[in-house]
Each structure stands twice: as structure tokens, then as C-alpha cells.
Amino acid sequence: MAESPEGFLLAGLKIRGRLRLVSKTELQIGEVWDARTDGLPSELHPGVVHLWQLPLHASAEEVSAYYRLLSSEEQERALRFRVDRPRTEFVLTRGTLRTLLAQYLGSTPQEVQFRYELRGKPALEGESGLCFNVSHTDGLALMAFVMRRTIGIDVENMGRDVDAQRLAERFFSAREVKALKRLNREELRAAFFRCWTRKEAYIKAKGAGLSLPLHEFDVSIMRNETDALLATRPDPAESDRWMVCDVPVGPGYTAALAVRKDVA
Ligand SMILES: CC(C)(COP(=O)(O)OP(=O)(O)OC[C@H]1O[C@@H](n2cnc3c(N)ncnc32)[C@H](O)[C@@H]1OP(=O)(O)O)[C@@H](O)C(=O)NCCC(=O)NCCS
């Protein structure tokens with residue numbers, strides 16, 4: 001058994017820094033780093049978003065090492081999963097989140113303390129100003145970190161068998177459904193997941209869960225948008241307060257990020 005889960009997670013000491021400047025905002029979005037192979041997080045400067053992904057496969061030894069990083073409440077939550085795979089994915093994701101947060105904060109993974117907003121969005125206790133959000137889907141977790149800005153992230157496995165047209169008509173806004181209807185069969189699936197992850201990243205940033213009606217805002221379904229939140233209702237000015245864009249993750253996955261443009 002390995003002595004240190006950080007050894008699995010933070011192999012090497014590489015500090016990286018290539019940044020993508022997002023138009024119309026002062027936000028800079030970093031490339032997506034791999035939490036297993038890409039080393040320690042560098043300092044998180046104001047206005048910069050750090051993104052980390054984690055493939056959710058590990059040996060039993062690694063899983064138990066990560067399990068030991070969790071709080072007793074998190075360990076109890078892990079034990080309540082009846083199926084191995086979601087339990088393993090929760091343990092790896094939460095253990096990695098604790099490890100990365102500890103690196104940013106200069107503490108240990110076990111010392112990281114969470115509080116939970118009304119609808120369950122986790123945030124850090126204390127005054128560090130470090131904000132984050134997490135998403136996990138079959139086989140991949142994605143985490144976003146930024147100073148003093150509200151943030152949300154979503155990743156979906158596109159291998160899932162979905163009836164895109166039916167789900168769009170049920171969940172998306174009239175403008176989004178209309179845009180999707182113009183696409184052919186081949187284009188539809190990718191555009192559906194782009195739309196889904198962009199909407200989900202926004203509702204996760206707001207911490208709103210399904211209390212935010214999905215038809216009250218429109219996102220673009222087009223590729224390579226850096227400002228994908230097109231309209232919000234009833235307050236049209238709300239759309240200008242957010243940057244919603246895609247996150248480049250591996251083949252078979254789609255991901256998006258939403259960050260508030262102004263500082264909290
Ligand atoms: C948590 C929620 C916001 C997202 O759930 P999800 O898509 O299944 O899960 P994700 O993997 O993207 O995110 C889960 C993580 O987000 C965080 N989270 C939990 N509640 C959250 C909230 N209210 N807001 C933001 N983040 C939240 C946690 O870190 C959680 O990880 P954990 O389960 O390991 O604790 C869910 O409550 C929800 O409301 N989903 C809406 C689903 C939907 O119909 N979307 C339609 C989009 S078009």
C-alpha cells in the first residue's frame with residue numbers, strides 16, 4: 001500500500017502556465033492539467049481559472065489511500081453507495097479535491113473544511129477567497145479553481161445513450177430547441193451535449209440546482225464560444241455578468257465552465 005496519496009496525485013513538481021485569454025473579460029482560463037501526472041498547482045492569481053481533470057480509474061490501494069483523506073462524514077457518505085463504481089468515483093474525486101485545495105491553501109487534505117450552501121454546493125470554510133466547483137461523470141472528474149469568483153463546471157460522458165431531441169424539448173429553452181432543430185443527425189449529438197454542459201455549468205455556478213428553471217436562460221449551441229450565455233430572463237443584464245465557455249477534455253467527453261465576471 002502506498003504511504004502517501006499525494007504521491008499518486010502530485011507526481012513531479014512541474015509548474016505550468018499556458019493561459020487562454022477569454023474575450024470581453026479579464027478572466028484567463030488555464031489549460032486542463034491532469035491531477036495524476038501534472039504536478040503541483042502553481043499560485044492562483046486573481047482573474048485566473050485553474051482546471052484539473054482526473055481519470056477515475058485506480059487500484060484498490062489508491063482508493064483506500066484517498067478514502068483515508070476524507071472526513072468521517074464523507075467516509076460515511078462513501079459507505080452509503082451500494083454500487084462500487086460511484087463509490088470509487090466519489091472517493092477519488094473528493095480525495096483529489098482535498099489534495100488540490102490543500103496545496104493551494106498550504107494545509108493538509110484532512111485539514112480542509114467544507115461548508116454547504118442551501119442546495120448542497122460545497123465551498124470552503126474560512127476567508128481564503130478560494131472558490132471551486134467539481135463535476136464527475138463515468139470515468140472522469142473535472143475541477144475548477146478561482147479566487148473570489150462564483151464558479152461552476154460540468155462534464156458529461158457522451159457515450160451515454162440519450163434521445164437528444166426528446167430531452168432537448170423537455171429541458172432546453174425554445175431558442176435552444178429551435179437552434180438544435182436546424183442541425184443534421186451527426187451534428188445534433190455534440191450540440192446537445194454542448195448545450196447541456198453549458199446550462200449545467202451555469203446552474204452549478206449559481207448553486208441553484210433545479211430550482212433555476214432551465215427555460216429562463218439561453219446558451220449557444222455553437223462550437224468554440226467564449227461567451228455562450230446568450231440571454232437570461234427575467235433580468236437581461238444577468239447574461240453580461242457571466243462568462244460561459246467550453247473546457248477541452250478528452251474524446252468522448254464534453255465539458256463547460258461558468259464564471260462570474262465580477263469579483264465576489
Ligand atoms: C448537484 C447538481 C447541481 C448537479 O448534479 P450532477 O450533474 O449529477 O453532478 P456533477 O458531477 O456535475 O456535480 C456534482 C458535484 O457538484 C457539487 N455540487 C453539489 N451540489 C451542488 C449545487 N447545488 N451547485 C453546484 N455544485 C454542487 C459537488 O461537489 C458534487 O460532487 P459530489 O457529488 O462528489 O459531492 C444536481 O443537484 C442538479 O440539480 N442537477 C441538475 C440536473 C439537470 O437536470 N440538469 C439539466 C441541465 S440542462
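Here is a short chat about a predicted model of a protein and its ligand.

Reader: What makes this protein as compact as a globular protein of its length?

Author: Set two values side by side. The radius of gyration is 18 Å, and the globule rule gives 18 Å for 264 residues, so the protein counts as being as compact as a globular protein of that length. Its C-alpha trace spans about 55 × 40 × 35 Å along the principal axes, and there are seven helices and twelve strands in it.

Reader: Why are Glu176, Ala179 and Leu180 called buried?

Author: The label needs 20 or more other C-beta atoms within 10 Å of a residue's own. Glu176, Ala179 and Leu180 are the residues of helix α6 that count as buried, so each of them meets that cut-off. What covers them includes α5, α7 and β9.

Reader: How do you know that the buried residues of α6 line one face?

Author: Look down the helix axis: they fall within an arc of 100°, so they sit along one face. An α-helix has 3.6 residues a turn, so residues three or four places apart point the same way. On the face of α6 turned away from the buried side you'll find the exposed residues Ala174, Lys178 and Lys181.

Reader: Why do you say the ligand lies between domain 1 and domain 2?

Author: Both domain 1 (7–149) and domain 2 (156–259) give residues to the shell around the ligand, so the ligand lies between them. That shell has 22 residues, and Gly120, Lys121, Ser135, Lys204 and Gly209 are the closest. Elements giving two or more residues to the shell are α4, β6, β8 and α7.

Reader: How many of the shell residues are charged?

Author: Seven are charged, alongside seven nonpolar and eight polar ones.

Conventions:
Residues are numbered from 1 along each chain as its sequence is written. This is a predicted model: local features need pLDDT of at least 70, side-chain atom pairs count only at pLDDT 80 or more; totals for chains, interfaces and linings use all residues. A residue is buried if 20 or more other C-beta atoms lie within 10 Å of its own, exposed if 12 or fewer, and partly exposed in between; C-beta atoms are placed from the backbone. Helices (H or I, at least four residues) and strands (E, at least two) are DSSP runs, numbered from the N terminus. The arc is that of the directions from the helix axis to the C-beta atoms. Two residues are in contact if their C-beta atoms, placed from the backbone, lie within 7 Å. The radius of gyration is taken over C-alpha atoms; the globule rule is 2.2 Å times the number of residues to the power 0.38. A residue is near a molecule or strand if its C-beta atom, placed from the backbone, lies within 6 Å of it. Ala, Val, Leu, Ile, Met, Phe, Trp, Tyr, Cys and Pro count as nonpolar, Asp, Glu, Lys and Arg as charged, and the others, Gly among them, as polar. Domain bounds come from an automatic or database domain assignment.
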